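Work through the two exercises below with the sequence and the structure in view. Each task is followed by its solution.

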Amino acid sequence: MASSSSSSSNVPVLTLLLSLLASFLMVTSAGNFYSDVDIVWGPGKAEILNSGNLLTLNLDKDSGAGFESYNKYQFGKIDMQIKLVPGNSAGTVTTFYMTSTGPNWDEIDFEFLGNVTGQPYTLHTNVICQGKGDREQQFYLWFDPTADFHTYSIVWSSKHIVFYVDGIPIREFKNMEVFDIPFPNNQPMNIHATLWNADDWATQGGRVKTDWTYSPFTASFRNFSADGCVWSFGKSSCDSSFNGNNVWLWEELDFSKKGQMQWAQNKYKIYDYCKDTKRFPQGLPRECTLNNIF
């Protein structure tokens, strides 16, 4: 009886400890680039400044650069403030994305395709599920992304993926697994950012090449924030019973946010795979039709 009583009395304590652990793992992390990321490419062309609050990536004819978060996440709200390459950025691509590894990887992409001076950047978004992409939407931005920092966010939950620019949703990719449409649900992802040369396709279909007389090209990153569920010891800390203040885990776009997204799509979207019948002559992907219903 004594053993049974002791075991029972420990249950509330255990529950409290689990709750505290989950809260710790899911708390918003105001990132510091010194402690939170690894320079995985072009180490001589990446520089961490301002006590770890600013990171710059540089591109010249020899190489670009990139970094990766130490933590893996399975669901989260990830924010990054970015100031893109100014001036003639044709041929360059700046990226901010999440990805898993392996041949059947998942990925959620922001890619910023440079342009000649005076012409707008193209914001390229994509969702890759189990190694298959082809879900691109592209946008122009309603501001100069080289003049100052702007916030780009990925919200990834079991319900949907939402791409935000300065708090305005521009795209939603819904979970439609019930209709056998793949969704990135089961693989933890690292956060990545890169600056690289892609002048074979990035600007006007590759017709405009990188002008190396303007190099080095520089993109700047700051105010990295990861409010997510950390993948550790083969498990994610995501659990609906421990959602706390992490409303992104369960919330859907409300009427106001849907209106903002419609505004962005109507005024600034320049490409949508769901409208590209030439690319899909056998019929558009199923989620394109279902998006109009759900």
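**Exercise 1.** Decide whether E111 is buried or exposed, then place E111 and E107 in their strand.

*Solution.* Step 1: the relative accessible area of E111 is 14%, so E111 is buried (buried: under 20% relative accessible area, exposed: over 50%, partly exposed in between, with a 1.4 Å probe and protein chains only). This is a predicted model, in which local features need pLDDT of at least 70, side-chain atom pairs count only at pLDDT 80 or more, and totals for chains, interfaces and linings use all residues. Residues are numbered from 1 along each chain as its sequence is written, and side-chain values use heavy atoms, with hydrogens and water left out.

Step 2: E111 is found in strand β7, and E107 lies in β7 (residues 107-113) (strands are DSSP runs of E, at least two residues; helices are runs of H or I, at least four; both are numbered from the N terminus).

Step 3: E107, at 13% relative accessibility, also counts as buried. UniProt, in an unreviewed entry, places the feature "active site" at E107 and E111; such annotations may be inferred rather than shown by experiment.

**Exercise 2.** Which residues of helix α3 are buried, and what do they pack against?

*Solution.* Step 1: M261, A264, Q265 and Y268 are the buried residues of α3. Seen down the axis of α3, they fall within an arc of 110 degrees, so they line one face of the helix (the arc is that of the directions from the helix axis to the C-beta atoms).

Step 2: these buried residues pack against β9 (137-139), β12 (168-174) and β16 (269-272) (contact: heavy atoms within 4.5 Å).

Step 3: F255, N266 and K267 are exposed, on the face of α3 turned away from its buried side.
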